[in-house]
Amino acid sequence: MALLDHISGPADLKELSLAELRRLADEIRSRIVETVQLNGGHLASNLGVVELTIALHRVFHSPQDAIVWDVGHQCYPHKILTGRAERFHTLRRQGGISGFPKREESEHDIFDTGHSSTAISSALGLLAARTHTGKQGRVIAVVGDGVLTSGMAMEGLSNAGQLGFPLILVLNDNRMSISRSVGSISRYLSKLSASMRYQSFRAYIDAAVLKIPRIGKLLSEFINRSKRAVKAIFFKENLFVDYGFEYVGPIDGHSITAMIDAFAHVRNLNRPVVVHVITKKGKGLERAEEDPESFHGLGPSCPDIPGAGESSHGESFSSCFANSLIELAEHDARVMAITAAMASGTGVAKMLERWPQRVFDVGIAEQHAVTFAAGLAQGGLRPVVAIYSTFMQRAVDQVFQDVSLANVPVLFALDRAGAVGEDGETHQGIYDIALFKAMPNLIFFAPADGDELAAFMKLSLSLDAPCMMRYPKAFSPCANGAMRPLEVGKGTMMREHAGARILVCAVGPLAYSAADASDALEKKAVLADVYNVRFLSHIDEEYLASLCARYDAILTAEDGVRVGGFGETLAAILARRGVRASIRSLGFENTPLAQASRDALLAQAGLNTKGIQKALEELQRSLGPESKKNAYAANVAAATIARATPIPVPGEVQHVR
């Protein structure tokens with residue numbers, strides 16, 4: 001029988017022998033691979049911390065001893081060992097367990113996490129609270145080496161050394177964040193872990209001293225108290241010692257025995273300590289060990305794991321961006337790309353292969369990435385900053401102060417905008433519209449498909465202004481027909497019917513969903529026109545108000561939060577212009593939804609074809625038989641509409657882009 005069948009919590013580990021712990025590690029790896037194969041998830045990072053997690057739960061007493069996981073994408077072994085092994089098959093599924101730590105799931109999950117570089121600060125705050133209130137228990141922060149590229153992590157490190165609280169910082173050094181770790185900190189850690197002089201010296205002295213009769217134990221304790229002074233001789237440049245930490249390591253992160261010994265020792269220290277462990281990302285799965293970056297995060301039924309099914313086919317928005325970036329760079333030597341430890345995920349890796357000198361991976365440092373881009377732009381270059389929507393939230397001030405307010409030509413590519421799916425609440429990119437649409441000078445664009453994305457990237461080079469575009473983690477819809485040229489501030493009609501009383505104003509690829517809903521309703525004699533808004537800022541208000549004045553009701557659809565979103569923007573424009581129309585907005589609530597597929601999340605919010613169709617039918621019923629065409633239409637520049645959007649002849653339906 002499997003050992004996992006007898007593990008209901010961390011306390012069960014304390015009864016196992018070392019041989020059984022090693023066997024348990026193998027079972028955990030198998031369970032993770034089987035589950036990720038079916039559900040998708042973070043694979044390589046979790047395979048690399050199995051022994052580390054076992055050792056932590058063997059020595060410490062969770063949840064009294066709080067284990068804080070940075071990012072949390074490496075918490076699968078932790079979940080399995082803390083009473084969730086039976087439910088682990090529901091990982092990342094709707095209604096199942098999250099792929100990240102989640103307090104409502106277990107008392108062993110101390111914080112809801114999902115973004116990098118927060119563990120040192122949050123763990124330090126928790127420890128300070130415990131110290132103040134007299135609550136017992138140790139606090140352990142587990143961070144990756146890539147975290148130390150983040151300014152926030154370094155701020156926490158500095159404050160922890162200053163306060164002197166007994167924070168235990170476990171540095172999981174695998175030379176990787178998602179992409180390979182970059183920067184001087186990574187090189188420093190490599191130098192530190194490669195040098196074993198101090199470790200060899202300490203092992204020799206400890207063994208010799210303990211053999212001395214009578215005084216061996218007392219002398220050993222004295223040496224331990226003098227350890228920092230000894231380290232200063234052999235490691236004259238130890239970053240952590242300089243910050244005020246005790247340093248233990250480097251330790252083999254796959255040796256359960258070595259880590260148990262180290263954790264048992266540091267558990268009794270009354271000062272901040274760094275335990276430096278060396279692990280291999282993807283440990284136990286050969287292909288993941290060889291290519292940990294590709295195996296960092298996998299979709300469901302990943303074909304690269306033996307026995308998995310086939311993946312979907314088509315070109316994703318990320319791929320469209322990568323190809324367009326290459327095309328821009330080929331024709332304009334000023335184009336540079338910047339990413340924050342997400343070269344592969346954003347598609348920037350494709351340009352990195354061609355022109356490595358024109359790509360900057362700054363590590364987990366989104367704020368620096370934005371302001372660095374501003375410097376490049378001030379120097380005459382045209383930087384493209386590719387960062388996930390949910391991660392760009394960390395750099396709102398830099399986008400405002402250093403780019404938008406300064407009015408420098410930086411193009412921001414916000415991947416994973418809107419409903420992201422199985423990664424859950426922390427990764428839903430639903431706030432970017434509300435956060436960035438009001439930024440001064442910033443031209444904000446939402447492409448409906450890959451063609452529009454490519455066209456806007458080209459347009460951005462001709463605009464001497466900051467630009468931003470948002471696009472989802474999804475495949476680009478198949479465009480039908482030639483694309484109408486982009487005109488800043490104006491969108492394009494995708495469906496027009498003679499006599500339609502309802503207009504759908506849709507953001508991004510939701511315009512295609514709205515068009516499908518319009519087509520379905522046409523068969524029921526319900527006519528609804530569809531307008532792809534394209535631009536979320538610098539909106540031509542007169543044009544949009546004139547267009548909306550032709551209809552009795554307006555439905556907006558956006559894969560962002562309704563509060564502060566495009567729907568509210570449109571309502572404000574119509575109110576200012578005196579346009580009276582019934583307006584209903586589809587979008588997400590302020591609180592993001594839990595893990596589920598993107599399609600399921602859109603369906604929950606009524607943003608899929610069926611949801612939009614239902615909303616249109618309800619609007620149609622609310623209008624009644626009498627047309628209430630707005631008188632505003634006769635008093636504004638109707639000629640502008642006529643020139644920009646041809647009125648179809650009776651009975652004709654126009655399918656345009």
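This passage walks through one open sheet, two helices and a buried arginine in a predicted model. Local features are taken at pLDDT of at least 70 and side-chain atom pairs at pLDDT 80 or more, while totals for chains, interfaces and linings use all residues. Numbering starts from 1 along each chain as its sequence is written, and side-chain values rest on heavy atoms, with hydrogens and water left out.

The sheet is open and built from 6 strands in the order 9-8-10-11-13-12, with parallel pairing. Strands (E, at least two residues) and helices (H or I, at least four) are DSSP runs numbered from the N terminus, and two strands pair if DSSP finds at least two bridges between them. Strand 9 (359-361) and strand 12 (443-445) sit at the edges with a single partner strand each, so one side of each has no neighbour in the sheet. From one strand to the next, the twist averages 20°; such angles run from 0 to 180 degrees between N-to-C directions of axes fitted to C-alpha atoms, for helices over the stretch in contact. Strands 11 (411-415) and 13 (467-470) are joined by 4 bridges, and Leu 411 has Cys 467 as its bridge partner.

Helix 17 (366-378) lies across strands 8, 9, 10 and 11, at about 165° to strand 10.

In helix 12 (256-266), the buried residues (under 20% relative accessible area, 1.4 Å probe, protein chains only) include Ile 256, Met 259 and Phe 263. The buried residues of helix 12 fall within an arc of 165° seen down its axis, so they line one face; the arc is that of directions from the helix axis to the C-beta atoms.

Arg 29, in helix 1, is buried too, at 9% relative accessible area. Its contacts (heavy atoms within 4.5 Å) include Glu 51, His 254 and Lys 283, leaving aside residues up to four places away in sequence.

Technical notes:
Buried means under 20% relative accessible area, exposed over 50%, partly exposed in between (1.4 Å probe, protein chains only).
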